[in-house]
Amino acid sequence: MAITQMIGAHIQRREDPRLITGHGSYIDDMRLTGMLHMSVVRSPFPHARIRSIDITDAAKAPGVHAVYTARDFKAHIAGGIPAAPAFIPDKKQVPTHYPIAETEVCYQGEPVAVVLADDRYLADDAAQLVSVDYDPLPAVMDLEKALEAGSPTAHEGAPDNVAWDTILPGGDIDAAMAEADIKLSLRVTQQRLAPTAMETRGCVAEWVPFANTLTLWTSTQVPHFVRLFVSGALGITEAQMRVVSKDVGGGFGCKAFPYPEEYLSSASSKLIGRPVKWIETRTESLQSTHHGRGQLYDAEIGAKRDGTLVGLRVTQLLDSGAYVGVFGSFQTCAILLGGGCYTFKAVHGRTVGVLTNRVPTDPYRGAGRPEATHLVERLVDMVAAELGMDPVEVRRKNFIAPEAFPHPNNFGLVYDSGQYEKTMDRALDMLGYGDFRKRQQELRAQGRYLGLGLSTWVEICGIGPSAATAPAAGVALVESSALRVHPTGSVTVSTGTHNHGQGHETTFAQIVADALGVPYEMVDIKHGDTGETPFGYGTYGSRSLAVGGISILKSCQKVVEKAKRLAAHIFEASEDDVVFDQGRFYVKGSPDNAKVLGEIAFASYGAGLPEGMEQGLEAITYFDPPNFVWPFGCHICVVEVDATTGAVEIQRYIAVDDCGNVINPMIVEGQLHGGIAQGIAQALFEEMSYDDESGQLLTGTFLDYLVPTMAEMPRYELDRTVTPSPTNELGVKGIGEAGTIAASAAVINSVCDALSPFGIRHVEMPARPDRIWKLIQEARS
Amino acid sequence: MRHSIAVTVNGVRREDAVEPRLLLVHYLREVAGLTGTHVGCDTSQCGACTVIVDGRTVKSCSVFAVQADGRAVTTIEGLADGGNLHPVQEAFWNQHGLQCGYCTPGFIMAAAYLLGQNPSPSDDDIRKGLEGNICRCTGYENILKAVKQAGERMAAGRATAPAAQPAAVGS
């Protein structure tokens with residue numbers, strides 16, 4: 001694009017004035033006349049049969065208007081919450097996930113009844129009075145035991161606990177491994193994590209009796225998906241239902257699909273004829289908002305003595321939880337990306353989706369790519385250690401070379417562009433790598449344990465081309481935009497993506513301002529309301545810019561084309577002679593006699609248009625990208641481990657990333673900061689823990705689930721290289737998940753490097769002091 | 001049984017009859033209609049509900065409305081001076097100290113209080129001073145920068161035009 005006044009500019013966000021003054025509009029801020037509050041009664045057991053539910057006392061409690069159980073909903077909610085057929089098409093079992101349990105509960109926190117009352121206090125009081133008679137059943141908690149013959153099943157009567165068991169072959173692995181001089185194996189646990197948006201989930205449903213319309217305000221990343229699935233289950237048309245999502249207080253993936261409470265509040269509103277609000281507590285959130293990760297990996301890497309990587313075998317056991325999450329099987333992309341940014345002769349995977357009695361897992365920031373990066377980056381460091389090579393050199397030797405792009409990986413996914421060495425060299429420069437090893441040796445002699453960890457990462461994002469997503473998913477994950485130039489030249493753009501902190505109202509307006517040559521202030525971005533946006537797929541998978549943003553650019557181009565035809569008519573010139581230059585239309589050679597877009601727009605709504613041209617200046621676009629986009633980078637973490645206490649202190653965190661061209665560098669940096677923090681959090685602090693025997697959740701509050709505060713987080717030293725994507729006209733990739741994809745590997749590699757003098761080979765996450773202390777004690781004895 | 005309380009919220013005195021168990025945060029949001037103060041957890045770790053009561057920060061999810069009887073409460077809505085943002089608000093905007101914005105009101109209130117106590121905090125002072133608030137989006141880097149910038153601007157403002165300073169919070 002020729003015009004670059006706004007694209008690439010560091011612009012303060014237009015979202016912020018309302019948010020910093022308390023005038024945001026989050027779901028709990030909504031109040032409607034006659035609105036009742038819904039409290040959800042949940043199973044305290046991971047697995048139990050429901051003998052009976054007695055609602056007598058609850059129904060009589062003060063302020064209570066209704067208590068509903070599965071029996072009440074049966075006539076109003078048809079069928080279960082879907083699991084996408086994508087990613088792993090040949091699933092063996094997909095247990096029906098009805099939004100509320102009737103005879104059997106399969107995870108702690110599964111809804112069994114709802115109470116509607118005048119306010120949240122009264123609803124919660126009455127919920128305590130619902131008496132459920134449970135008959136506890138054995139809980140399936142351990143992934144490996146769950147697959148043993150004779151294991152109890154997560155659902156009564158199920159043949160086993162296998163949701164899928166699929167081989168993903170990427171080349172002739174036996175032939176590749178035959179070339180290896182060394183083979184190293186590693187087991188890695190990816191602990192369950194709670195995505196933990198600061199705004200918990202919540203919704204307000206309003207069924208209007210006799211009008212038979214439903215409006216659902218909800219905190220979601222995917223308003224159109226929610227409408228599609230909830231309207232279908234309620235047996236109403238999409239035209240009868242509107243989903244509205246205003247300010248959303250974070251998502252990180254966990255709000256990217258419909259949840260039981262969206263069905264239950266909608267059906268409750270229909271049953272009682274009044275608006276119904278439900279707001280999740282933090283404990284409910286930790287218990288029942290879908291978790292991320294929850295995987296166990298066994299891997300073997302083969303390398304030649306000179307450090308050349310040849311083969312990688314990966315087995316992934318994926319804790320699906322009690323049901324198959326809507327996008328849960330997307331996490332199997334960890335295998336498809338298992339080779340990272342390196343050339344392997346073959347990468348071979350097997351993924352087993354395991355049903356357990358925990359809340360389902362689904363994509364959480366990175367979803368499969370952090371796991372892939374963590375595994376391959378640990379293995380590459382182990383190869384370096386085994387061969388006595390510098391981990392930097394092993395990486396350098398095996399990187400996909402810049403001239404090799406577009407590069408089909410072992411599974412046929414085509415990496416679009418990359419310069420992996422360049423980001424690594426820049427990061428090493430920032431660190432001062434040469435001096436580091438010397439200092440590390442000196443400090444070791446003093447009993448101080450410094451470690452350095454690299455993470456050279458690549459990811460797949462910009463989900464996604466219909467060619468890759470539609471054959472299996474049934475829907476092509478394209479993205480929409482509708483653009484309207486108003487008669488006086490201001491512009492409204494509706495997008496099918498949905499902001500939950502990414503700043504789309506700002507960055508999308510930057511694109512439009514440049515593409516149409518109109519002042520930034522005259523562009524308004526609308527999102528989150530199915531009533532005013534074209535069908536769209538929402539925001540996840542770092543797709544909003546590379547798919548949604550390009551859709552907006554194309555709508556701009558369509559509008560400019562029509563405006564040029566109209567300008568030619570006004571100028572009485574040939575269309576070929578009309579120039580469009582930064583918002584001005586003129587005839588070649590006469591730039592002084594120009595009309596701005598606003599003037600053309602005004603004319604477009606009037607009379608005297610060219611033969612056959614309709615009034616108005618607007619366009620709608622569904623953009624189907626030709627490929628995914630492939631950001632990459634190099635992160636370096638430097639830690640000191642206190643051998644007495646096992647505590648890890650991050651001394652430096654350097655990140656050099658490449659997401660192609662950038663719309664707003666301030667926002668890119670912010671996304672990286674937050675992403676890195678979540679990766680560090682997984683590496684050092686966070687873990688959803690359950691008691692192995694009872695299946696009880698042990699981390700049900702922020703007292704136990706350790707989301708880091710400012711006191712635990714380091715400064716981040718960032719830089720960027722720019723390798724434009726050839727996949728789209730703006731040359732952009734994605735950056736929302738990059739930090740998280742890279743960080744856990746950098747941190748754990750640095751911890752392992754620090755502990756190498758003890759002969760410690762691997763440290764599992766979270767690398768909390770007690771875990772490291774025990775490893776040191778074992779190593780010393 | 002309801003109790004009559006009189007609370008001055010953002011400079012306006014109001015009288016209400018409330019249940020003794022009503023939390024201050026719900027009083028502010030649902031009785032006073034000020035929804036800028038948010039709830040992010042049930043156990044007072046996250047600080048999204050931070051407001052200022054009689055010059056000191058409190059987590060309004062762990063205070064009953066009746067405990068605010070006779071006191072003055074400042075919420076995020078009361079921080080800007082008419083159309084002029086408080087320097088801490090301005091700095092959060094300048095430094096991209098927020099993304100989803102949900103934790104932001106609590107952070108801004110806590111930071112305003114911190115700067116009232118310690119006008120030129122070190123990085124470490126800020127990290128310790130704000131460890132009662134959780135942000136999931138920013139990784140904290142830009143919040144740190146924002147608080148430093150706000151501190152510097154407030155100090156510069158005091159040096160040049162003391163009369164133009166916004167109402168002190170927590171001093």
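**Group meeting: a sheet, two helices and a core**

Hi everyone, let's start with a strand pair: in chain A, strand S10, residues 213–218, runs parallel to S11(A), and 4 bridges join the two. One of the partnerships is A:Leu214 with A:Met241 in S11(A). Please keep in mind that this is a predicted model.

Now let's zoom out to the sheet. How many strands does this open sheet have? There are 7, in the order S3-S5-S1-S12-S9-S10-S11 of chain A, and the pairing is mixed. At the edges sit S3 and strand S11 (241–244) of chain A, each of which pairs on one side only. From one strand to the next, the twist averages 20°. Helix H8 of chain A, residues 260–272, packs on this sheet, touching S1, S3, S5, S9, S10 and S12 of chain A. The direction of H8 makes about 30° with that of S9(A).

Next, helix H4 of chain A, residues 120–127. Its buried residues are A:Leu122, A:Ala123, A:Ala126 and A:Ala127. Why are they on the same side of H4(A)? Because they cover an arc of only 140° around the axis. What do the buried residues pack against? In chain A, that would be strands S1 (36–42), S3 (64–69) and S5 (111–117), plus helix H2 (56–60).

Last stop, the largest nonpolar core, with 298 residues. A:Val115, A:Val512, A:Val751 and B:Ala111 are the ones that touch the most other members. In chain B, domain 1 (3–78) and domain 2 (87–161) each give this core at least three residues. As for A:Val512, leaving out residues up to four places away in sequence, its contacts are A:Val491, A:Val493, A:Val523, A:Ile552 and A:Cys556.

Thanks, happy to chat!

How values were computed:
Residues are numbered from 1 along each chain as its sequence is written. Chains are lettered from A and ligands numbered from 1 in the order in which they are written. This is a predicted model: local features need pLDDT of at least 70, side-chain atom pairs count only at pLDDT 80 or more; totals for chains, interfaces and linings use all residues. A residue is buried if 20 or more other C-beta atoms lie within 10 Å of its own, exposed if 12 or fewer, and partly exposed in between; C-beta atoms are placed from the backbone. The arc is that of the directions from the helix axis to the C-beta atoms. Two residues are in contact if their C-beta atoms, placed from the backbone, lie within 7 Å. A nonpolar core is a set of buried Ala, Val, Leu, Ile, Met, Phe, Trp, Tyr and Cys residues joined through C-beta atoms within 7 Å. Domain bounds come from an automatic or database domain assignment. Two strands pair if DSSP finds at least two bridges between them. Axes are lines fitted to C-alpha atoms, for helices over the stretch in contact, and angles run from 0 to 180 degrees between N-to-C directions.
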